[in-house]
Amino acid sequence: MANLAVTYLGLKLKNPIIIGSSGLTDSIDKIIDLEKQGAGAVVLKSLFEEQILAESARHVELDKSFGYDVHDYIHNYTRNNKLGDYLKLIKEAKAKTNIPIIASINCVSDTEWVKFARKIEEAGADALEINISLLPSNHEMRGVQNEEMYFDILEKVRKNTKLPLALKMSRYSGGLANLIKRISWSKFVEGIVLFNRYYRPDIDIDNLKITSGSIYSTPSEISYSLRWVAICSNFVDINIAATTGIHSGRDVIKQLLAGTTVVEIASVIYKNGPKHIQTMLSEITDWMQEHNYENLDDFRGLMAYDKTKETAAFERIQFMKHFAGIE
Ligand SMILES: Cc1cc2nc3c(=O)[nH]c(=O)nc-3n(C[C@H](O)[C@H](O)[C@H](O)COP(=O)(O)O)c2cc1C
């Protein structure tokens, strides 16, 4: 019988399918259902740095006469608002389910919000995913300044919590492989999530309006993370979670072969509903049985950059007749 159990961020998961941070994980009923349908773990819908700071600032304003500052607020006054609701959701999810509950914060700077990590730990979360949403769109900033922000944020969060941490990062970097290696060596985090999927702008040419591109991923988008999981699993010594475009059990197998520890999925569950987790798990189990693999470690990383003889396939960026099959 195929055993899908896996350890991610030091947490025991019954299988490698994690439901990614999204509206799918923003209520206790949805989380209970996701566990029932077989999810290995869930990452809660992100709290945003701005939300933490704005709520804090609002209450600091209200409590001005008592001399509180944002720091005090984050420590003391998180009961009757969005932040309090978030902590309540963590507590409830821990009380009512048996799967790991990973909290999530979306941020762009290393300001006072980092103290909120302690609150998340106290509420009982099993780990914290830090989504650092850096878009290199500021033409005054050099690439290296953007990259330093990862380390500044992670170092401060690390000082505020003992929780296992995962960094969900952008794929925009001039030196991505080197950046990932330095993050893995920094010891600030136990895992990296490859990659953020950003909001996609589009233009309506008839009405001259900015519109939203597709919110949900398509299976073809898997190649972005597959390339980098295969390249980086070769040298990082922390866990990897692959995300984007993973829509089937076969896609999970591809990522495991490339060397990922787990996957995080959202779009396919939005499209097909939580029951699709079972279908994906059956596909993985059937494939493992067919290939006589008992555990995920028996085949994890078999097609990673250092294991395959076709390393050029991961590094090649030009289409050629030989690879693309078209001229
Ligand atoms: C509707 C929606 C909301 C999302 N909200 C968040 C979020 O709050 N925080 C976050 O880190 N990722 C968020 N994501 C990204 C997902 O966690 C996931 O990484 C991404 O969608 C790629 O996986 P997929 O191709 O399976 O959708 C969201 C995705 C969707 C579709």
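Let me start at the ligand: one of its oxygen atoms is 2.9 Å from an N or O atom in the side chain of Lys45. Before I go on, please keep in mind that this is a predicted model.

Two more side chains belong with that one. For Thr243, an N or O atom of the side chain is 3.0 Å from an oxygen atom of the ligand. For Ser267, the corresponding distance between a ligand oxygen atom and a side-chain N or O atom is 2.5 Å. How much of the ligand does the protein bury? Taken alone, the ligand exposes 610 Å², and the protein buries 89% of that. As for the surroundings, 18 residues are placed around the ligand. The closest are Ser21, Ser46, Asn131, Ser217 and Ser267. Ser267 therefore comes up twice on this slide, once in that list and once with its 2.5 Å distance.

Now the chain as a whole. It has 327 residues, and buried residues make up 51% of them. The secondary structure comes to 13 helices and 13 strands. The chain exposes about 16300 Å², with carbon and sulfur atoms supplying 52% of that area. Take the contacts between residues at least 6 apart in sequence: 71% of them join residues at least 24 apart.

Next, the salt bridges. How many does the structure hold? The count is 14, and I will go through three of them.

The first is Lys94 with Asp126, where the closest N and O atoms are 2.8 Å apart. This pair links distant parts of the chain, 32 residues apart: Lys94 is in helix H4, and Asp126 is in the loop between helix H5, residues 116-123, and strand S7, residues 127-132. Helix H4 itself covers residues 82-96. Are the two partners buried or exposed? Lys94 has a relative accessible area of 29%, so it is classed as partly exposed. Asp126 counts as buried because its relative accessibility is 19%, and the cut-off for buried is under 20%.

Staying with Lys94 for a moment, what else does it touch? Leaving out residues up to four places away in sequence, Lys94 touches Ile99, Ile101 and Gly124 as well as Asp126. There is also a distance to Ile28, which is 66 residues away along the chain: the two C-alpha atoms are separated by 9.8 Å.

The second salt bridge joins the side chains of Lys119 and Glu122, at 3.7 Å from N to O. Both residues are in helix H5, and because they are 3 residues apart there, about one helical turn separates them. Their exposure is as follows. Lys119 is at 14% relative accessibility, so it counts as buried. Glu122 is at 55%, so it counts as exposed.

The third is Glu221 with Arg200, with 3.2 Å between the closest N and O atoms. Again the pair links distant parts of the chain, here 21 residues apart. Glu221 is in the loop between strand S11, residues 209-212, and helix H8, residues 222-232. Arg200 is in the loop between S9 and S10. Glu221 is buried, at 8% relative accessible area, and Arg200 is partly exposed, at 28%. The pair also belongs to a network of salt bridges that takes in Arg197.

That loop between S9 and S10 holds another residue I want to show, Asn196. Strand S9 covers residues 191-194. Why does Asn196 count as buried? Its relative accessibility is 7%, and the class takes anything under 20%. The Asn196 side chain makes a polar contact with the side chain of Tyr198, at 3.4 Å. Setting aside neighbours within four places in sequence, Asn196 is in contact with Asn131, Ile132, Ser133, Lys168, Met169 and Ser170. Asn131 was also on the list of closest residues around the ligand.

Last, strand S10, residues 201-204, where Ile203 has its place. Ile203 has a relative accessible area of 53%, so it is exposed. Which residues join Ile203 in a patch on the surface? They are Ile205 and Ile210. The patch is nonpolar, and the three residues together have about 370 Å² of accessible area.

Notes. Residues numbered from 1 in each chain as written. Predicted model: local features only at pLDDT ≥ 70, side-chain atom pairs only at ≥ 80, totals over all residues. Heavy atoms only, no water. Patch = residues over 30% accessible without salt bridge, like charges linked within 9 Å, V, L, I, M, F, W, Y side chains within 5 Å. Areas by Shrake-Rupley, 256 points an atom, 1.4 Å probe, with all protein chains shown as cover. Salt bridge = Lys/Arg side-chain N within 4 Å of Asp/Glu carboxyl O. Helix = DSSP H or I, 4+ residues; strand = E, 2+ residues; numbered from the N terminus. Buried < 20%, exposed > 50% of the residue type's maximum accessible area, 1.4 Å probe, protein only. Polar contact = N/O pair within 3.5 Å; in protein donor to acceptor, adjacent residues only side chain to side chain. Contact = heavy atoms within 4.5 Å. Near = heavy atom within 4 Å.
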